[in-house]
Amino acid sequence: FIRGKTTCVSTSGRPCVFPFNHLGVTYDSCVVTDYAEPWCATAVNPVTLTYLSWSECKCEKPKPTPCTTSGSSMPCVFPFTYLGETYSSCDVKGSASPWCATRVNPVTRAHVTWAYCRCS
């Protein structure tokens, strides 16, 4: 995706802005975190990607992440980059077991922290 570009429009008529950060987690789609209906950022801080304003989404409900972390309360964060490649799901590159980023650099999307995945 291209930062700031989206096909999702909020119920306020403003476009959703992805990626955005909420409580230390980076999102690339509408979420239901802390609210009953899917929502998205409509404006973000250009440096930290922390949302400045939000609205409910008019787009489809968010799809569950195909993998969650094993033994950690941190969710996987997609997309992330590792050794110059971008990933949108758990992967085994550099490891015998699938893993994902749990925190990413907001500018480069490079993984900062990671955990093994529990894939369904």
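This is a short talk on the two disulfides of one chain and what surrounds them.

Confidence comes before anything else. The model is predicted. Mean pLDDT for the chain is 77, and 78% of the residues reach 70 or more. The best element is strand S4, residues 51–56, with a mean of 91. The lowest confidence is in strand S5, residues 67–69, where the mean is 65. Please also note residues 1–6. Their pLDDT is below 50, although the model gives this stretch 15 contacts beyond near neighbours in sequence. Residues 60–65 also stay under 50. For that stretch the model has 8 contacts beyond four places in sequence.

Now the disulfides. The structure holds 2 of them. As a reminder, a disulfide is a covalent bond between the sulfur atoms of two cysteines.

Take cysteine 16 and cysteine 40. Their sulfurs sit 2.0 Å from each other. Which hand does this disulfide have? The torsion about the S-S bond is about -70 degrees, so it is left-handed. Where are the two ends? Cysteine 16 is in the segment before strand S1, which covers 20–22. Cysteine 40 is in strand S3, residues 39–44. The pair links distant parts of the chain, 24 residues apart. Buried or exposed? Cysteine 16 is buried, because its relative accessible area of 0% is under the 20% cut-off. Cysteine 40 also comes out at 0% and counts as buried.

Stay with cysteine 40 for its surroundings. Leaving aside neighbours within four places in sequence, its contacts include Ser10, Phe18, Phe20 and Cys30. Its disulfide partner Cys16 is in that list. So are Ser53, Trp54, Ser55 and Cys57.

The strand around it comes next. S3 is mostly covered, with 5 of 6 residues buried. S3 runs antiparallel to S4, and 5 bridges join them. Within this pairing, alanine 41 stands opposite tryptophan 54 of S4. The two strands form a hairpin with 6 residues in between. In that hairpin, leucine 49 takes a positive phi, near 65 degrees.

On to the other disulfide, cysteine 76 to cysteine 100. The S to S distance here is 2.2 Å. The torsion about the S-S bond is about -75 degrees, so this disulfide is left-handed. What does it tie together? Cysteine 76 lies in the loop between S5 and strand S6, which spans 80–82. Cysteine 100 belongs to strand S8, residues 99–104. The pair therefore ties together parts that are 24 residues apart in sequence. Both cysteine 76 and cysteine 100 are buried. For cysteine 76 the relative accessibility is 8%, so it falls under the 20% cut-off for buried.

One more point on cysteine 76. Its C-alpha lies 8.0 Å from that of cysteine 117. Along the chain, those two residues are 41 apart.

Last, the core. How many residues does the largest nonpolar core hold? There are 27. Those that touch the most other members are Cys16, Phe18, Phe20, Cys30, Cys40, Phe80 and Cys100. Cys16 and Cys40 are joined to each other by a disulfide. Cys100 is bonded to cysteine 76. Which elements give two or more residues to this core? They are strand S2, covering 25–27, together with S3, S6 and S8.

To close: both disulfides are left-handed, with torsions of about -70 degrees for cysteine 16 and cysteine 40, and about -75 degrees for cysteine 76 and cysteine 100.

Methods
Residues numbered from 1 in each chain as written. Predicted model: local features only at pLDDT ≥ 70, side-chain atom pairs only at ≥ 80, totals over all residues. Heavy atoms only, no water. pLDDT = per-residue confidence, 0-100. Helix = DSSP H or I, 4+ residues; strand = E, 2+ residues; numbered from the N terminus. Contact = heavy atoms within 4.5 Å. Disulfide = S-S within 2.5 Å. Buried < 20%, exposed > 50% of the residue type's maximum accessible area, 1.4 Å probe, protein only. Core = buried A, V, L, I, M, F, W, Y, C linked by side-chain atoms within 4.5 Å. Pairing = 2+ DSSP bridges.
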